[in-house]
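Thank you all for coming; I would like to walk through one model this morning, going from its strands to its domains, its core and the surroundings of its ligand. Please keep the view in front of you as I talk.

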Amino acid sequence: MKRTYDVIVIGGGPSGSSTASFLKVQNPSLDVALVEQLEFPRFRIGESLLPASIPHFKAMKFFDKLKSGKYIVKYGARFYSHQSSEDIYFNFSDCGVEDLAFAFEVPRKEFDHDLLRHAESLGTEVFQPESVLEVVENDEGVRVRTDRRELQGRFLVDSSGRSAHVATRRNQKVSRSDFNNAGVFGHFKGIKRYSGKHEGDITITVLNDGAWSWIIPFLGDMASVGVVFSSKNFPNKRPDWDFFQEQLNLCKEFQQAMVHSELVGELRTVANYSQFSEQLFGKNWILVGDASTFIDPIFSSGVHLGISAARKASELILQALTPGHQDGLLPLGQSYVDHMALGIKRFRGIISMFYQREFVAQMRKTLNRPHLYQAFTGVVAGDVWNEENPLFQHGVI
Ligand SMILES: Cc1cc2nc3c(=O)[nH]c(=O)nc-3n(C[C@H](O)[C@H](O)[C@H](O)COP(=O)(O)OP(=O)(O)OC[C@H]3O[C@@H](n4cnc5c(N)ncnc54)[C@H](O)[C@@H]3O)c2cc1C
């Protein structure tokens, strides 16, 4: 077994597997190792993908597996307010970009497993289950100590998720106070669905005091249901079953959809998850995905940001591996920081709009104007680097 690699990736979530896949697709002779601490399949929250990821899936040659029929197609996103039965609907095919007409809803247990096996099928050497314990920079790049072995790499990609291995050890992980939310969620069977083309749509309800809920249907009878709420606005609320039900029952549509449903497995919780890392790259390392930044999940941006970062990071690493780049990522990394900051700023723009009062009522008025409907649909589809979007051109977002 080899011990020396061009690139070592920490984490086999979407960000890590995508980085490895992009590297191997662009240069099959590269030696890439990926270390994942858990046995897969394993549970992960974050099941609604965005259309803007589709071109990335195509580029990493994963799209055929994604559309093989095991994942339900998501053609749009519907938002309700619990205060009225009026809704707003973003139909992705109206966003004006042909490639972004749909996405998928994916149980992450299967999706992450498929994506990791895809990276492996491209020639990535996967160490799993195995934990990275220590990363030390040296003259050759980085030395990585796991609970089983030592590996030497020229570059390290940290995509260890919100545990943020590198940033935590460098004391550079910062919690965000602006979207200080918690979530409670589970998988249910027997939830009433929309019919036909709308079956795979995500549905979101705006609740009181910055709380909201989601239903994400999977292929078959299962669906993901969750409630997110501000720890600040609900200081004494425990993210337990009673709270979950109390919130879901605020919305007539959700209450009706769940009448004959049954929880499968456990109800899970997550708290205060918005965070960022102060430094995203060094000479021989780069942070990708949640390990670098995690913003609020309301517009399902997490996996898309991770995969977009993976693509950009892989391109820079390939460049840094060519002769004449003795300073590694140092002269290149700022373009990565700028690129990711722009995408995050735009997602944060629409997230802030969401948390302002009366989101659904305000949007209903705005979306009456076709060019604004198209522009907002583009953002909801995740097309946040599209400079032709008038919302970006006019600084609205
Ligand atoms: C309530 C909520 C709802 C969300 N909904 C959505 C949604 O609908 N759509 C969406 O796109 N996103 C959503 N997200 C965000 C999504 O969960 C994340 O953005 C996404 O999982 C990030 O992928 P990643 O690969 O960066 O990290 P992860 O998926 O967390 O993967 C990191 C991997 O690294 C491994 N690892 C960690 N440390 C080590 C170590 N030391 N050694 C080896 N391996 C290690 C872990 O085991 C893990 O498998 C949601 C998040 C929350 C909290």
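What is the order of the strands in the open sheet of three strands? The order is β11-β17-β19, and the pairing is antiparallel. When I speak of helices and strands, I mean DSSP runs numbered from the N terminus, with H or I over at least four residues for a helix and E over at least two for a strand; two strands pair if DSSP finds at least two bridges between them.

Before going further, I should say that this is a predicted model, in which local features need pLDDT of at least 70 and side-chain atom pairs count only at pLDDT 80 or more, while totals for chains, interfaces and linings use all residues. Residues are numbered from 1 along each chain as its sequence is written.

Returning to the sheet, β11 (173-175) and β19 (293-294) stand at its edges with a single partner strand each, so one side of each has no neighbour in the sheet. Three bridges hold the antiparallel pair of β11 and β17, the latter covering residues 275-277, and within that pair valine 174 has phenylalanine 276 of β17 as its bridge partner.

A parallel pair is found elsewhere, where strand β1 (residues 4-10) is joined to β2 by four bridges, with isoleucine 8 having alanine 33 in β2 as its bridge partner. Strand β2 (residues 32-35) is covered on both faces, since Val32 and Leu34 on one side and Ala33 and Val35 on the other are all buried. By buried I mean that 20 or more other C-beta atoms lie within 10 Å of the residue's own, with exposed meaning 12 or fewer and partly exposed anything in between, the C-beta atoms being placed from the backbone.

Now to the domains, whose bounds come from an automatic or database domain assignment. The protein chain is divided into domain 1 (4-71 + 105-175 + 275-393) and domain 2 (181-271), and their C-alpha centres lie 26 Å apart. Between them, 14 residues of domain 1 are in contact with 14 residues of domain 2, where contact requires C-beta atoms, placed from the backbone, within 7 Å. The side of domain 1 that touches domain 2 has eight nonpolar, two polar and four charged residues; in this count Ala, Val, Leu, Ile, Met, Phe, Trp, Tyr, Cys and Pro are nonpolar, Asp, Glu, Lys and Arg are charged, and the others, Gly among them, are polar.

The largest nonpolar core, meaning a set of buried Ala, Val, Leu, Ile, Met, Phe, Trp, Tyr and Cys residues joined through C-beta atoms within 7 Å, has 114 residues, and those with the most contacts inside it are Val7, Ile8, Val157, Ile286 and Ala313. Helix α8 (residues 302-320) gives the most to this core, with nine residues. Both domain 1 and domain 2 give residues to the core, so it lies between them. If we leave out residues up to four places away in sequence, isoleucine 286 touches Val157, Leu280, Phe281, Ala313, Leu329, Gly333 and Tyr336.

Which residues are the closest to the ligand? They are Gly13, Gly46, Gly161, Gly289 and Gly302, out of 37 that surround the ligand, a residue being near if its C-beta atom, placed from the backbone, lies within 6 Å. The elements giving two or more residues to this shell are α1 (14-26), β15 (222-230) and α8, and α8 gives the most, with four residues. By class, the shell has twelve nonpolar, 21 polar and four charged residues. Both domains give residues to the shell around the ligand, so the shell, too, lies between them.

I will finish with some backbone details. Most residues other than glycine have a negative phi, and most peptide bonds are trans. Here, the bond from phenylalanine 40 to proline 41 is cis, with omega near 0°, and proline 41 sits in the loop between β2 and α2. The bond from glutamine 128 to proline 129 is likewise cis, with omega near -5°. Serine 300, in the loop between β19 and α8, has a positive phi near 55°, and this serine 300 is buried, with 24 other C-beta atoms within 10 Å.

Conventions: Contact = placed C-beta atoms within 7 Å.
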